[in-house]
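Thank you for sending this model for comment. My remarks are set out below as numbered points, to be read alongside the coordinates.

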Amino acid sequence: RANNIAKSISNCRSVTRIFLDESAAGDWTTADVDFQINIGYHEVISAVLEIFEQYYVIKSQFNSVADQQEYGTADSVPTDILKLERVEINYDPGTSGSTPSRALPVEMEEVTTNLASTVIGSTVTGSAAYYLYGQGSGSSGIKIGFIPIPDESGTNAISLWYVQAQSDLSDSNTTVNIPYADNYFSLICKFAAAELLRKGQQEEDVASKYMNEFEVGLLKMKQQLEDRVSDGNKRVVDTVHHDIDFSSFY
């Protein structure tokens, strides 16, 4: 992602002011510009997520604790989880050569016995399972629980692959984190300029033109980014492993 280093919030400010035909702060303060830049930034991020959310996937690990079912921010569970892609847990971290196994997602409503069960019920799933609730940070933040409950403590025994929510751009967080930022960062600027020009109804026609160019640019970006992995043929991935022999029946 080295290409992202080339574009920062400073670049976005400069290009936005070019669209506004204002080289220095006059009608719009830096705070005004930054506010609209970040709205546009997250609009572009949302469009990227529609095409390949794996671009923002990162891996995080934290320790399991014997007889502890649920884990939160105090246990180093990330607070910036947008979507969980995969969860693995090692139930035998003290055994040499042991490997983690995938935990499958379940809804709490699916658990017909008590959540604190120490065995995997056949009414839930045939493998380890996890459930997720809450959001944000603090004691009431994101919580992830496991069934069955780990009976051993293990260093980095739990692994999460998740889509990371992106932070606002600022002087301390300058990197525009989108694919091919050199090409697509100007979409952020057009969105910001359109919204700023609408402030006070200064240039509604120009604002509409910029917003239309932004929407068309998003569509073009998604078309160009759709085949990020173009090696081989497109295929359907079976993640449930059900019987796909349609000649058989029960």
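The points that follow take up the sheet, some of its strand pairings, an aromatic cluster and the cysteines of this model, which is a predicted one.

1. The sheet. Seen as a whole, the sheet is open and consists of 7 strands, which follow the order β1-β7-β3-β4-β5-β6-β2 with mixed pairing. Its edges are formed by β1, covering 57-64, and by β2, covering 70-71, each of which pairs on one side only.

2. The pairing of β3 with β7. Strand β3, made up of residues 81-89, pairs with strand β7, made up of residues 154-164, in the antiparallel sense, and 7 bridges are found between them. Within this pairing, Lys83 has Val163 of β7 as its bridge partner.

3. The surroundings of β6. Strand β6 spans residues 143-147, and because 4 of its 5 residues are buried, the strand is largely enclosed by the rest of the structure. On one pairing, β6 meets the edge strand β2, with which it runs antiparallel over 2 bridges; here Tyr71 stands opposite Ile144 of β6. In another pairing, strand β5, residues 129-133, is joined to β6 by 5 bridges, again in the antiparallel sense, and Ala129 has Ile147 of β6 as its bridge partner.

4. The aromatic residues. The structure contains 8 aromatic pairs, among them the pair of Tyr55 and Tyr56, which is edge-to-face, with 5.0 Å from centre to centre and 90 degrees between the planes. Both partners are away from the surface by the accessibility criterion, since Tyr55 is buried with a relative accessible area of 4% and Tyr56 is buried with a relative accessible area of 2%. Ring pairs also bring in Phe52, so that Phe52, Tyr55 and Tyr56 are linked into a cluster.

5. The cysteines. Why does Cys189 form no bond with the closest cysteine sulfur? The model has 0 disulfides, and Cys12 is accordingly in none, its nearest cysteine sulfur being that of Cys189 at 4.4 Å. A disulfide would require the two sulfur atoms to lie within 2.5 Å, and the 4.4 Å between the sulfur of Cys189 and that of Cys12 is therefore too far for a bond. Neither position is open to the surface, because Cys12 is buried with a relative accessible area of 0% and Cys189 likewise counts as buried at 0% relative accessibility.

Technical notes. Residues numbered from 1 in each chain as written. Predicted model: local features only at pLDDT ≥ 70, side-chain atom pairs only at ≥ 80, totals over all residues. Heavy atoms only, no water. Buried < 20%, exposed > 50% of the residue type's maximum accessible area, 1.4 Å probe, protein only. Pairing = 2+ DSSP bridges. Phe/Tyr/Trp six-rings, centres within 6.5 Å; stacked < 30°, edge-to-face > 60°.
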